[in-house]
Amino acid sequence: MFETTVTSPDQTMAWGQALAPSLQPRDVILLDGDLGAGKTTFTKGLALGLGIKRNVKSPTFTIIREYQSGRIPLYHMDVYRLEDGSGDELGLDEYFNGDGVNVVEWSQFIADELPAQYLRIVFKRDDEAGENQRTLRFEPVGARFEKIVQQLEDSQK
């Protein structure tokens, strides 16, 4: 596990950009935490790091947005609306076993459908310390993601 503090949306995006070069098809990145804490902002940075030029928007109402123009495709999912049901009808397995990076916001609603290895990033707002201050906690599950998180942590030393 690795934890860092950001104080601006640009810093949040920079962490996404820093993660992008390490990612490969079938990787699953879970973004969990407070509403308005920077999950979509992080995804915008990740998209930039993958070479995606399109504007990344929250998939709250569409559930899944696909971005095909980068080094590898990006599948951005917001499964918040699935809190009363499951993601079976979305074909999540096809995405998770497909050709792109999968970013899932509000992953607790599909916990039973997650693969064995993933990287969870928990976003926590710290409004008392400043309007834009956030804590990002990187929680790797699986050896590959442990190595990636270690590299991110080492890059900050």
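1. A good place to start is the pairing of Phe123 with Leu136, its bridge partner in E7. This belongs to a run of eight bridges that join E6 to E7, and the two strands are antiparallel. Please keep in mind throughout that this is a predicted model.

2. Stepping back to the whole sheet: seven strands make up an open sheet with mixed pairing, in the order E1-E7-E6-E2-E5-E4-E3. The edges are held by strand E1 (2–6) and strand E3 (64–67); each has a single partner strand, so one side of each is left without a neighbour in the sheet. On average, neighbouring strands of this sheet are turned by 20° against each other, with direction ignored.

3. The parallel part of the sheet involves E2 on both of its sides. Five bridges connect E2 to E6, and these two run parallel; here Leu30 stands opposite Arg120 in E6. Strand E2 (residues 28–33) also pairs in the parallel sense with strand E5 (residues 101–105), over four bridges. In that pairing, Leu31 has Glu105 of E5 as its bridge partner.

4. Now the helices on the sheet. Helix H1 (residues 9–19) packs on the sheet and touches E1, E2, strand E6 (118–125) and strand E7 (134–141), with a direction that makes about 140° with that of E1. Helix H2 (residues 39–49) lies across E2, strand E4 (74–78), E5 and E6, and runs at about 170° to E5.

5. How much of E6 is buried? Six of its eight residues are, so the strand is largely enclosed by the rest of the structure. H2 contributes buried residues too: Lys39, Thr40, Phe42, Thr43, Gly45, Leu46 and Ala47. These pack against H1, E2, E4, E5 and E6. Just after H2, you may like to look at Gly51, which takes a positive phi of about 85°.

6. Next, the charged pairs, of which the count comes to three salt bridges. One joins Asp27 and Arg144, with the closest N and O atoms 2.3 Å apart. Asp27 sits in the loop between H1 and E2, while Arg144 is in helix H4 (residues 143–154), so the pair ties together parts that are 117 residues apart in sequence. The two ends differ in exposure: Asp27 has 4% relative accessibility and counts as buried, whereas Arg144 is partly exposed, at 26%.

7. Another salt bridge links Arg120 with Asp32, the closest N and O atoms being 2.8 Å apart. Since Arg120 lies in strand E6 and Asp32 in strand E2, this pair ties together parts that are 88 residues apart in sequence. Asp32 counts as buried, at 8% relative accessibility. Arg120 is also the residue that Leu30 stands opposite.

8. The side chains of Arg137 and Glu139 also meet in a salt bridge, at 2.5 Å from N to O. Arg137 counts as partly exposed, with 26% relative accessibility.

9. Asn102 deserves a look of its own. This residue is in strand E5 and counts as buried, at 0% relative accessibility. What does its side chain reach? One target is the backbone oxygen of Tyr95, at 3.3 Å. The backbone oxygen of Gly100 lies 3.5 Å from a polar atom of the Asn102 side chain. Leaving aside neighbours within four places in sequence, Asn102 is in contact with Arg26, Asp27, Val28, Ile29, Tyr75, Met77, Tyr95 and Phe96. Asp27 in that list is the residue that forms a salt bridge with Arg144.

10. Finally, the rings. The count comes to five aromatic pairs. One of these is Phe2 with Trp15, a tilted pair at 5.6 Å centre to centre with 55° between the planes. The pair links distant parts of the chain, with Phe2 in strand E1 and Trp15 in helix H1, 13 residues apart. Both Phe2 and Trp15 are buried. In the Phe42 and Phe123 pair, the ring centres are 5.8 Å apart and the planes stand at 80°, so the pair is edge-to-face. Phe42 is in helix H2 and Phe123 in strand E6, so parts 81 residues apart in sequence are tied together. Phe42 and Phe123 are both buried. Phe2 and Trp15 also form one aromatic cluster with Phe138.

Note on methods:
Residues are numbered from 1 along each chain as its sequence is written. This is a predicted model: local features need pLDDT of at least 70, side-chain atom pairs count only at pLDDT 80 or more; totals for chains, interfaces and linings use all residues. Side-chain values use heavy atoms; hydrogens and water are left out. Two strands pair if DSSP finds at least two bridges between them. Axes are lines fitted to C-alpha atoms, for helices over the stretch in contact, and angles run from 0 to 180 degrees between N-to-C directions. Contact means heavy atoms within 4.5 Å. Buried means under 20% relative accessible area, exposed over 50%, partly exposed in between (1.4 Å probe, protein chains only). A salt bridge is a side-chain nitrogen of Lys or Arg within 4 Å of a carboxyl oxygen of Asp or Glu. A polar contact is a pair of N or O atoms within 3.5 Å; within protein, one must be able to donate a hydrogen and the other to accept it, and residues adjacent in sequence count only if both atoms are side-chain atoms. Rings of Phe, Tyr and Trp (its six-membered ring) pair if their centres lie within 6.5 Å; planes under 30 degrees apart count as stacked, over 60 as edge-to-face and the rest as tilted.
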